2 protein chains.
Amino acid sequence: MKISTKGRYALRLMLDLAIYDTGDPVSLKDIAKRQEISEKYLEQIISVLNKAGFVRSIRGASGGYVLRRKPKEYTVGDILRLTEGSLSPVSCVGVESEECVRSGDCVTVMVWEKLDKAINDVVDNISLQDLVDWHMAQSDSYVI
Amino acid sequence: MKISTKGRYALRLMLDLAIYDTGDPVSLKDIAKRQEISEKYLEQIISVLNKAGFVRSIRGASGGYVLRRKPKEYTVGDILRLTEGSLSPVSCVGVESEECVRSGDCVTVMVWEKLDKAINDVVDNISLQDLVDWHMAQSDSYVI
DNA sequence: TATTTTCCTACCTGATTACTAGGATTAGTA
DNA sequence: TACTAATCCTAGTAATCAGGTAGGAAAATA
């Protein structure tokens, strides 16, 4: 029941883009340095975010990436589901769930449905902007 | 973010023991047949439940397993945490969490903490007896 | 004694995770 | 125009884990 590095790094990547959004593209090199994550690995992750239209890429020298939308318009759920795949705890519940031959007399599925709902309820109600706000609040307390 | 077969099978195993609890031990062979799970694989799973004192084993012919406590006294969380290990979505939150060098300026950890809380809140508030009740309600509807 | 059961350890195969590596392509800059 | 800095794309890889299988010892009953 673990979130993989793909999902976790994607979240930090998007947050980094939101925090360092000056209008100019942000290079992966800078993100990798700040987040202490391999640049080559981040390439693969941001490629997914790019193809899904979450970020826009600018190629060539002084290129980089920018967010396509406002931080408020991304939920943590959007980002995690894109990079992790489904967040449902078993394959037989949630969206695009696979039919199970035992579903007739399966009671445990009710547990998984409650769990699925609880998980989505959390990640779909936190926006990237929330993370930015939390970050700012945290930074402030350091300054004082 | 998936619950493995170990946790899922353990839950079905415990539920089977709760449903077929006549006082006589229930053999793994019967459980395996009813649940359509490899008996050999179930051996490994019930061994963990046995060592943790969740079930009592009776060896020899006409032996088997019985629940140590009443179904009301097991939560789904107990069973899953025992067989799956920690249910926390990342290693840096929850009980026995590992310290992270970045925890100082890590904001995403707040997401994981909310998620961890939501997950535990579900599994710790469903008892094995609840599963039995749901099963009975489901069986009734089939009879009609 | 024969049979039925749990108990224990070892092994195995395929998939996944978390990367690394190398080079092609694009675009700004000297 | 050459150089450099960036994204883009594909392949490979070591380690771990999932999900079992296999074989036999030990215990208890009939």
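Helix 3 of chain B gives the most to the surface near DNA strand C, with five residues. Here "near" means that a heavy atom of the residue lies within 4 Å of the strand, and helices (H or I, at least four residues) and strands (E, at least two) are DSSP runs numbered from the N terminus. You are looking at a predicted model, in which local features need pLDDT of at least 70 and side-chain atom pairs count only at pLDDT 80 or more, while totals for chains, interfaces and linings use all residues. Residues are numbered from 1 along each chain, chains are lettered from A in the order in which they are written, and side-chain values use heavy atoms, without hydrogens and water.

Let us stay with the DNA for a moment. Around DNA strand C there are 25 residues, and the closest are A:Lys40, A:Gln44, A:Arg59, B:Leu28 and B:Ser57. They divide into seven nonpolar, 11 polar and seven charged. Of the strand's atoms within 4 Å of the protein, 61% belong to sugar or phosphate and the rest to bases. Both kinds of partner turn up among the side chains: an N or O atom of B:Ser57 is 2.4 Å from a phosphate oxygen, one of A:Thr5 is 2.9 Å from a phosphate oxygen, and one of B:Glu43 is 2.8 Å from a base nitrogen.

Next comes helix 2 of chain B, residues 28–35. Its residues B:Leu28, B:Ile31, B:Ala32 and B:Gln35 are buried, that is, under 20% relative accessible area, where exposed means over 50% and partly exposed in between (1.4 Å probe, protein chains only). Seen down the helix axis, these buried residues fall within an arc of 100 degrees, so they line one face of the helix; the arc is that of the directions from the axis to the C-beta atoms. An α-helix has 3.6 residues a turn, so residues three or four places apart point the same way. The face turned away carries the exposed B:Lys29 and B:Lys33. The cover over the buried side includes helix 1, helix 3 and strand 2 of chain B.

Finally, compare the two protein chains. Chain B can be laid on chain A with an RMSD of 0.0 Å by a turn of 180 degrees and a shift of 0.0 Å along the axis, superposed by least squares on the C-alpha atoms of residues with pLDDT of at least 70 in both. The two copies are thus related as by a two-fold rotation axis. Of chain B's residues, B:Met1 comes closest to that axis, at 2.2 Å (C-alpha).

Conventions
Contact means heavy atoms within 4.5 Å. A polar contact is a pair of N or O atoms within 3.5 Å; within protein, one must be able to donate a hydrogen and the other to accept it, and residues adjacent in sequence count only if both atoms are side-chain atoms. Ala, Val, Leu, Ile, Met, Phe, Trp, Tyr, Cys and Pro count as nonpolar, Asp, Glu, Lys and Arg as charged, and the others, Gly among them, as polar.
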